[in-house]
Amino acid sequence: VHTAYSSALAQKAGRAVPLVVGNDGNYGGVAEAQRVRGQSNSTVLMLAPGSGLGVAYIDSHGLPLEGDTLAGMEGGHMPAPLQLLDIKPYPCGCGKDWGCVEVYTTISGLPYLLAEKLKKYPEHDLAKSTATPKEKALSLRGLAQKGDPLAVEIFDFQAKAIGIHVANLAMALDPTFVVIGGGLMDPENTTDEFRERYLRIVRESADPYLWTAQRGRITIVPATLGDLSQAIGAALVALYQSRS
Ligand SMILES: [Zn+2]
């Protein structure tokens, strides 16, 4: 990909253009990290729950941890501590059966979480709905913005799972900033009240499991670049690499 794209790009531009190829989620993290850390060397962890869970770690040089087979930081497919979440190990699209964090924090697992929650709310409209499981799952975000108790409880649960995972990853990575991205943090999709509640629960769920020094230092903030973050991050990595 790099060779073919690079030569096509050079031909079109009339000169060689620095090009990098990498993971979209990691490059989104590079861009968001540049925003939060500014000129500092602080490291940044990003979690972006959407259809799946994108996780990126950006080091003191501003570059992502990619691993030796480009499979590093697949943090969405680490096992969730199911005893803390009081939930079963649902299967994940990746094939693992150990209860991937992705299932408890993203759209991918919402049908399971909804089915579980409907036992408590048998009279809820979604219990009688003829929509597909996917359609029902996708309706939850809108319902939560209107304060529907079932939907709010489901996103509270997801926020708790994200928070515990932030602490889990902090044991290995010890970042200064944690950026939460994805559709739930997009002001066009969710209310200020929803985002504040979600981020508060993330914080409260992480804190008991962080070391004391981390608890005072780690700053958890929403992402700000939206869909453009991945393209901006790729451009930044190309820039950083051509400088060095
Ligand atoms: Zn998985």
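The following exchange goes through the reasoning behind several labels given to this predicted model.

User: Why is the contact between Asp156 and Arg197 called a salt bridge?

Analyst: The closest N and O atoms of Asp156 and Arg197 are 2.5 Å apart, and a salt bridge requires a side-chain nitrogen of Lys or Arg within 4 Å of a carboxyl oxygen of Asp or Glu, so the pair qualifies. This pair links distant parts of the chain, with Asp156 in helix H8 and Arg197 in helix H9, 41 residues apart.

User: Why does Arg195 count as buried, and why is Arg197 called partly exposed?

Analyst: Arg195 has a relative accessibility of 12%, and buried means under 20%, so the label follows. Arg197 has a relative accessible area of 34%, which lies in between that limit and the one for exposed, over 50%, and therefore Arg197 is partly exposed.

User: What makes Lys119 exposed, and what is its salt-bridge partner Glu116 called?

Analyst: Lys119 stands at 60% relative accessibility, and because exposed means over 50%, the term applies. Glu116, at 31%, is partly exposed. The side chains of Glu116 and Lys119 meet at 3.2 Å, N to O, and salt bridges that share partners join Lys88, Glu116 and Lys119 into one network.

User: How do you know which classes of residue line the largest cavity?

Analyst: The lining consists of Ala80, Pro81, Leu85, Val101, Ala161, Ile164, His165 and Asn168. Ala, Pro, Leu, Val and Ile count as nonpolar, whereas His and Asn fall among the others and are therefore polar, which gives 6 nonpolar, 2 polar and no charged residues.

Key. Residues are numbered from 1 along each chain as its sequence is written. This is a predicted model: local features need pLDDT of at least 70, side-chain atom pairs count only at pLDDT 80 or more; totals for chains, interfaces and linings use all residues. Side-chain values use heavy atoms; hydrogens and water are left out. On a 1 Å grid over the protein atoms alone, a cavity is a set of points where a 1.4 Å probe fits but cannot get out, and a pocket is an open set with protein on both sides within 12 Å along at least five of seven lines; lining residues have an atom within 4 Å of a point. Buried means under 20% relative accessible area, exposed over 50%, partly exposed in between (1.4 Å probe, protein chains only). Helices (H or I, at least four residues) and strands (E, at least two) are DSSP runs, numbered from the N terminus.
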